[in-house]
Amino acid sequence: MSALLASHLLPALQLHLLPKSALDVHLLILESDILPNVLSAGLTVASAAIADAGIPMYSLGVGATVSKADQTICVDPETEEEEGTATVAVGVLPALQKLSGVLLTGDVDVDEACQVGTWNHYN
């Protein structure tokens, strides 16, 4: 989980301005429905905490999760909505109009995954 969060968060940071610094981010997860939800929420709150600490960033990172069951698309799905479907967690850097990372879980073909990911990013 920490490696996923770090890979989604690192593109937002201007670490070259702090060459001899170390940055530690700790998240306390009290309850978790599914991993992609935790990742997207963790990205959002970690990005806000880093910005609040005054660390230079290219953009705030924002996470979102979308799940597809049959023909229904659910934003921020619960456990029941996520089972047996494809779920896409996307890290977005809105100021740069870039994705910082994508996590796909479930059994889905490439076209459907792109449809769910595109819906997540642009809507």
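I will walk you through four strands and how they pair, keeping in mind that this is a predicted model.

Let me begin with strand β1, residues 62-69, which pairs with strand β3, residues 86-93, in the antiparallel sense over seven bridges. If you would like to follow that pairing on the structure, take lysine 68, whose bridge partner in β3 is alanine 86, and then alanine 64, whose bridge partner in β3 is valine 90.

Strand β1 also pairs with strand β2, residues 72-75, again in the antiparallel sense, here over four bridges, and in β2 the bridge partner of valine 66 is valine 75. The hairpin that β1 and β2 form has two residues between the strands, and in this hairpin aspartate 70 takes a positive phi near 55°.

Now to β3 itself, and to the question of how many of its residues are buried. The strand is mostly covered, with eight of its eight residues buried. In a regular strand, the side chains alternate between the two faces of the sheet. In β3, Ala86, Val88, Val90 and Val92 point one way, while Thr87, Ala89, Gly91 and Leu93 point the other way, and all of these are buried.

Finally, β3 pairs with strand β4, residues 98-105, in the antiparallel sense over seven bridges, and one pair to look for is alanine 89 with its bridge partner in β4, leucine 103. The hairpin of β3 and β4 has four residues between the strands, and there glutamine 97 takes a positive phi near 55°.

Terms used. Residues numbered from 1 in each chain as written. Predicted model: local features only at pLDDT ≥ 70, side-chain atom pairs only at ≥ 80, totals over all residues. Heavy atoms only, no water. Pairing = 2+ DSSP bridges. Buried < 20%, exposed > 50% of the residue type's maximum accessible area, 1.4 Å probe, protein only.
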